[in-house]
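Student: I'd like to learn how to read a protein model feature by feature. Could you walk me through one?

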Amino acid sequence: MVVAIDSILPQTQCTKCGFQGCLPYAKAVAAKQALHNRCVPGGKDVIKKLSNLLGKDELPLDPKCGVEQNPVMAIIREDECIGCTKCIQACPVDAIVGSAKKMHTVIQDECSGCDLCVEPCPVDCIDLVELTREKSQPELAKQYRDRYYKRDARLKKLQAEKFNKHATAKRVYENTQNKDDIKQSRKAYIASVLRESRIKKS
C-alpha cells in the first residue's frame, strides 16, 4: 500500500504535508496516522486518486498545509546572489548549482517547485514563478523521485567518508600517543636502571 500511495504523490518533496518527504507521508497515510488530504502540490487531483485507492471520501485540502496553486519554479536573481550555498543545501532534488561565494543558478528543468530554497536565502533573491511543464505529471514525479534519492545517496556517501576520515585521524593520533607513551616508558626504565647501577657502585 505504501508503494501505491507514494506512486500517486507528485514527489516534489516539499514537506508541506508535515512530513520529511513524500515517502514518509505515504507511510503515515498507509498506517492511518495521517489523512489523505495534505498534499498541497498534488491538490484535488491527488486527493481524488488517494480517495479511490483507499476507499475513502474525498476531502478538501487541509488548509493547515497550504493552498493549492499552479506549478511553480524557483528563479534566483543572480546579480543579487551572495553565494551562501544555503539554497543548494535546502534543495531536495539537487536542482541548484553553484559554490561558496559564487553565483548560484537553478536548473529549470529539474526544479520541483518545492520552495524550500526560498526561506533560507538571507538576501531574499529567489522568486517563484508559475510555469507549464511539457512533461506529464507521472514523468515529472519519476524525475523528482530519482533526483531525490540520488541526492540522498550522495549525502550519505559524503557523511560516511567524513566519518571514516575522522576515524582514521583518531586512530593515527591514538597510535602516535601510544608510541610516545612507549618511548617515555623506555626512557624511564633506562633512567631507573642507571640510577640503581650508580647506587651499587657507590
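Student: Which side chain meets Arg145 in a salt bridge?

Tutor: Happy to start there, with the reminder that this is a predicted model. The partner is Asp6, at 3.6 Å from N to O. When you read such a pair, look next at where the partners sit. Arg145 belongs to helix α5 (residues 137–201) and Asp6 to helix α1 (residues 2–8), so that the pair links distant parts of the chain, 139 residues apart.

Student: Are Arg145 and Asp6 buried or exposed?

Tutor: Both Arg145 and Asp6 are buried.

Student: Which residue forms a salt bridge with Asp94?

Tutor: That is Arg154, with the closest N and O atoms 3.0 Å apart. Here too, distant parts of the chain are linked: Asp94 lies in the loop between α4 (86–90) and β2 (96–97), Arg154 lies in helix α5, and they are 60 residues apart.

Student: Why does Asp94 count as partly exposed?

Tutor: The general idea is a pair of cut-offs: under 20% relative accessible area is buried, over 50% is exposed, and partly exposed is in between. Asp94 has a relative accessible area of 21%, so it is partly exposed. Arg154 is partly exposed as well, because its value is 36%.

Student: Where do Asp152 and Lys156 lie?

Tutor: Both are in helix α5, 4 residues apart, which is about one turn of the helix. Their side chains meet in a salt bridge, 3.2 Å from N to O. Asp152 is partly exposed at 28% relative accessible area, while Lys156 is exposed at 52%.

Student: How many salt bridges does the structure hold?

Tutor: There are 11. Some of them join into a network, which links Arg77, Glu80 and Asp127.

Student: What is the order of the elements along the chain?

Tutor: Starting at the N terminus, read α-α-α-β-α-β-β-β-α. That comes to 5 helices and 4 strands. For the chain as a whole, 31% of its 202 residues count as buried. Among contacts between residues at least 6 apart in sequence, 59% join residues at least 24 apart.

Student: Let's turn to empty space. How many cavities of 30 Å³ or more does a search of the whole structure find?

Tutor: First the general idea: rolling a probe the size of a water molecule over the atoms shows where empty space is left. In this structure the search finds 3 such cavities. The largest cavity holds about 80 Å³ of space. It is lined by 14 residues, and Ala74, Cys91, Cys111, Cys114 and Cys117 are the closest to its centre. By class, the lining of the largest cavity has 11 nonpolar, 2 polar and 1 charged residues.

Student: And how much space lies in the largest pocket?

Tutor: About 560 Å³. Its lining has 31 residues, with Pro10, Thr12, Pro41, Gly42 and Gln137 nearest the centre. The elements giving two or more residues to that lining are α1, α3 (43–54) and α5, and the largest share, 5 residues, comes from α5. The lining of the largest pocket divides into 16 nonpolar, 9 polar and 6 charged residues.

Student: Which residues line the second largest pocket?

Tutor: Among them are Met1, Val29, Lys32, His36 and Leu59. About 160 Å³ of space lies in this second largest pocket, and its lining comprises 7 nonpolar, 1 polar and 2 charged residues.

Definitions and conventions: Residues numbered from 1 in each chain as written. Predicted model: local features only at pLDDT ≥ 70, side-chain atom pairs only at ≥ 80, totals over all residues. Heavy atoms only, no water. 1 Å grid on protein atoms, 1.4 Å probe; cavity = no way out; pocket = protein on both sides within 12 Å on 5 of 7 lines; lining within 4 Å. Points joined across faces, edges and corners; volume = space filled by probe spheres on them. Nonpolar A, V, L, I, M, F, W, Y, C, P; charged D, E, K, R; others polar. Buried < 20%, exposed > 50% of the residue type's maximum accessible area, 1.4 Å probe, protein only. Contact = heavy atoms within 4.5 Å. Salt bridge = Lys/Arg side-chain N within 4 Å of Asp/Glu carboxyl O.
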